[in-house]
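Visitor: Let's take a close look at one part of this model, the way its backbone segments line up side by side. Please go slowly, and tell me what sits around that part too.

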Amino acid sequence: MNITQAAVAGTLESGDVMIRIAPLDGQEIDLQISSSVEKQFGEAIRATLYEILHRHDVRGVQLIVDDKGALDCVLRARLETLLVRASGLSALPWEDRS
């Protein structure tokens, strides 16, 4: 998936997460996380984010995550919404990528 523009999804309300994405030159992923529950769930948050980015073949982006205690399902929904907005697609390609 090609990220062509900066985008934002989510809110800063308790139990939610705001994620911002911007394209970068190169193939690296610059992940910055600020979370109220990072000590307890930081590794799980990172694993979820990287899993979704890998599934949709996203590279060369800066991802800024402001987490306010969002559940895993909320984190996934916000990131997938963000990918659609930043890539200019109307929906994610849901077919099997195997």
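Guide: Quick ground rule before we start: two strands pair if DSSP finds at least two bridges between them. Keep in mind, too, that this is a predicted model.

Start with strand β1, residues 7-10, and strand β2, residues 17-23: the two run antiparallel and are joined by four bridges. Four meets the requirement of at least two, so β1 and β2 count as a pair. For a marker you can click on, take glycine 10, whose bridge partner in β2 is methionine 18. Between the two strands of this hairpin there are six residues, and glycine 15 adopts a positive phi near 85°. Serine 14 also belongs to the loop between β1 and β2. Its relative accessible area is 74%, and because anything over 50% is called exposed, serine 14 gets that label. If you want a feel for distance, the C-alpha of serine 14 is 29 Å from that of leucine 89, which is 75 residues away along the chain.

Now on to the next neighbour. β2 also pairs with β4, again in the antiparallel sense, this time over seven bridges. One spot to find there is alanine 22, standing opposite glutamine 62 in β4. Glutamine 62 also has aspartate 30 opposite it, which takes us to β3. Strand β3 covers residues 29-35, and seven bridges join it to β4 (residues 61-67), with the two strands running parallel. Isoleucine 29 is a handy place to check this, since its bridge partner in β4 is valine 61.

Put those pairs together and you get an open sheet of four strands, ordered β1-β2-β4-β3, with mixed pairing. β1 and β3 are the edge strands: each has a single partner, so one side of each has no neighbour in the sheet. From one strand to the next, the twist averages 10°.

What about the helices? Helix α1, residues 38-55, packs on the sheet and touches β3 and β4, with its direction at about 145° to that of β3. Together, β3, α1 and β4 form a β-α-β unit, and a left-handed one. Helix α2, residues 72-87, lies across β1, β2 and β4 and runs at about 30° to β2. As for β4, five of its seven residues are buried, so call that strand mostly covered.

Let's finish with a side chain worth zooming in on: serine 35, which lies in β3. Its relative accessibility is 16%, and since buried means under 20%, serine 35 counts as buried. Its side chain makes a polar contact of 2.6 Å with the side chain of aspartate 67. The serine 35 side chain also reaches the backbone nitrogen of valine 37, at 3.1 Å. Leaving out residues up to four places away in sequence, serine 35 touches Ile45 and Asp67. So keep two serines in mind for contrast: serine 14 is exposed in the loop between β1 and β2, while serine 35 is buried in β3.

Note on methods:
Residues numbered from 1 in each chain as written. Predicted model: local features only at pLDDT ≥ 70, side-chain atom pairs only at ≥ 80, totals over all residues. Heavy atoms only, no water. Axes fitted to C-alpha atoms, helices over the stretch in contact; angles between N-to-C directions. Contact = heavy atoms within 4.5 Å. Buried < 20%, exposed > 50% of the residue type's maximum accessible area, 1.4 Å probe, protein only. Right-handed = clockwise from strand over helix to strand, strands pointing away. Polar contact = N/O pair within 3.5 Å; in protein donor to acceptor, adjacent residues only side chain to side chain.
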